[in-house]
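Visitor: I am new to this structure, and I would like to understand how each label is earned. Could we go through it slowly, setting each value against its cut-off?

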Amino acid sequence: MKNRLSRIIKPKDNRTVMLAVDHGYFMGPTTGLENLGKTVIPLLPYADSLMLTRGALRRYIPPETDTPIVLRISGGTSIVGKELLHEGIITSMKEAIRLNVAGVAFSILIGADFERDTLLGLAKVVDEAEEYGIPVVAVTAVGRDMNKDAKYLSLASRMAAEFGAHIVKTYYCENFERVVDTCPVPIVIAGGKKIDEKDALEMTYNAIQAGAAGVDMGRNIFQSSNPVGMIKAIRAIVHEGATPKEAYEIFKEEPLVEVRSE
Ligand code: R5P
């Protein structure tokens, strides 16, 4: 367990830049990930881990890649379905082991009608993962009509940790210290919808200042006008103590290489 956790959260500073490219499991061919491999492979040297589904791993990522994998193992609903994120287990622990993953990720949706199903799913996944020493990243998904505030996110994050998650992925919010301080396991933030690069860097900086262990970020990296520049800038904040201004300079100075699929 500790060995795998150390592959995700780097022991030298207890921080991590996780690259999330699992969106296709409920969003289909998300902008920037139409050809996932083409977008993601140039970003791998700067990612501490890669979060994706088994199908994407199998089809887009060469098996020689040594970036630690955090495997998305929950799903079952889509953005056009009636129950967004009423997820169950979509990949077995046996398959996760076969794919030699560093961790698995499972989403819960606290406050929804079906919260119980997602929580019992998390409990089952933690039980199975513990048996083989595999860390579980619990993702505190948020429904469209829910408040992404410190009250809600600290409730969801703490519950995830109490259920046995080893890392919690949640959203940044005002008073984020409250979310971090009341959660006994490391917290990483998702980036959410694409926002201006400067704002995404500011949000990352604020999250780190509040005590986050890092990011598990997707769209604000791979939908950026310069994904390599953006992941390098995020890295500088997470691992090197860069300010948002210094990080933005890193972003701006990165030569643009077209990596997207047409
Ligand atoms: C959400 O449940 C998935 O893990 C998303 O793919 C993840 O949150 C994406 O990160 P971002 O919001 O930074 O695109």
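Visitor: What makes Arg219 a polar contact of the ligand?

Guide: In this predicted model, a polar side-chain atom of Arg219 lies 2.8 Å from an oxygen atom of the ligand. A polar contact is a pair of N or O atoms within 3.5 Å, and therefore the pair formed by Arg219 and the ligand qualifies at 2.8 Å. The protein as a whole covers 97% of the 360 Å² of accessible area that the ligand has on its own.

Visitor: How do you know that Gly218 and Lys169 also make polar contacts with the ligand?

Guide: For Gly218 the partner is a polar backbone atom, which is 2.8 Å from an oxygen atom of the ligand. For Lys169 an N or O atom of the side chain is 3.0 Å from an oxygen atom of the ligand. Both distances are within the 3.5 Å limit, so both pairs are polar contacts.

Visitor: Which residues are the closest to the ligand, and how many surround it?

Guide: The ligand is surrounded by 16 residues, and the closest are Asp22, His23, Gly191, Gly192 and Gly218.

Visitor: Why is the pair of Tyr172 and Phe176 called tilted?

Guide: A pair of aromatic rings is described by the distance of the centres and the angle of the planes. Three aromatic pairs are counted in this model. In the pair of Tyr172 and Phe176 the ring centres are 5.2 Å apart, and the planes stand at 50°. The centres must lie within 6.5 Å, planes under 30 degrees apart count as stacked and planes over 60 as edge-to-face, so the value of 50° leaves this pair as tilted.

Visitor: Are these two residues buried or exposed, and what makes them so?

Guide: Phe176 has 1% relative accessibility, and because buried means under 20%, the label for Phe176 is buried. Tyr172 has a relative accessible area of 26%, which lies between the 20% and 50% cut-offs, so Tyr172 is called partly exposed.

Visitor: What makes Lys148 a charge over the ring of Tyr171?

Guide: Lys148 lies over the face of Tyr171, at 4.0 Å from the ring centre. The limit on that distance is 6 Å, and the charge must also be within 35 degrees of the ring normal.

Visitor: Why is Asn175 called exposed, and what can be said of its phi?

Guide: The relative accessible area of Asn175 is 53%, and exposed means over 50%, so the label follows. Asn175 lies in the loop between strand 8 (167–170) and helix 8 (176–181), and its phi is near 55°, a positive value in a residue other than glycine.

Visitor: How do you know that Asn14 is exposed?

Guide: Its relative accessible area is 52%, which is over 50%, so Asn14 counts as exposed. Asn14 also has a positive phi, of about 55°, although it is not a glycine, and its place is in the loop between helix 1 (2–8) and strand 1 (16–20).

Visitor: Why is Thr30 called buried, and what does it touch?

Guide: Thr30 has 5% relative accessibility, under the 20% cut-off, so it counts as buried. It is in the loop between helix 2 and helix 3, and, not counting residues up to four places away in sequence, it touches His23, Gly24, Phe222 and Gln223. Thr30 and Gln223 are 193 residues apart in sequence, with their C-alpha atoms 9.5 Å apart in space.

Visitor: What makes Leu33 buried?

Guide: Leu33 has 7% relative accessibility, which is under 20%, and therefore it is buried. Its place is in the loop between helix 2 (24–27) and helix 3 (36–40), and the residues it touches, beyond those up to four places away in sequence, are Val21, His23, Thr39, Val40 and Phe222.

Visitor: Why is Thr77 called buried?

Guide: The relative accessibility of Thr77 is 16%, and because the cut-off is 20%, Thr77 counts as buried. It is found in the loop between strand 4 (74–75) and strand 5 (88–89), and its contacts outside four places in sequence include Tyr25, Phe26 and His86.

Terms used. Residues numbered from 1 in each chain as written. Predicted model: local features only at pLDDT ≥ 70, side-chain atom pairs only at ≥ 80, totals over all residues. Heavy atoms only, no water. Helix = DSSP H or I, 4+ residues; strand = E, 2+ residues; numbered from the N terminus. Buried < 20%, exposed > 50% of the residue type's maximum accessible area, 1.4 Å probe, protein only. Contact = heavy atoms within 4.5 Å. Phe/Tyr/Trp six-rings, centres within 6.5 Å; stacked < 30°, edge-to-face > 60°. Near = heavy atom within 4 Å. Polar contact = N/O pair within 3.5 Å; in protein donor to acceptor, adjacent residues only side chain to side chain. Areas by Shrake-Rupley, 256 points an atom, 1.4 Å probe, with all protein chains shown as cover.
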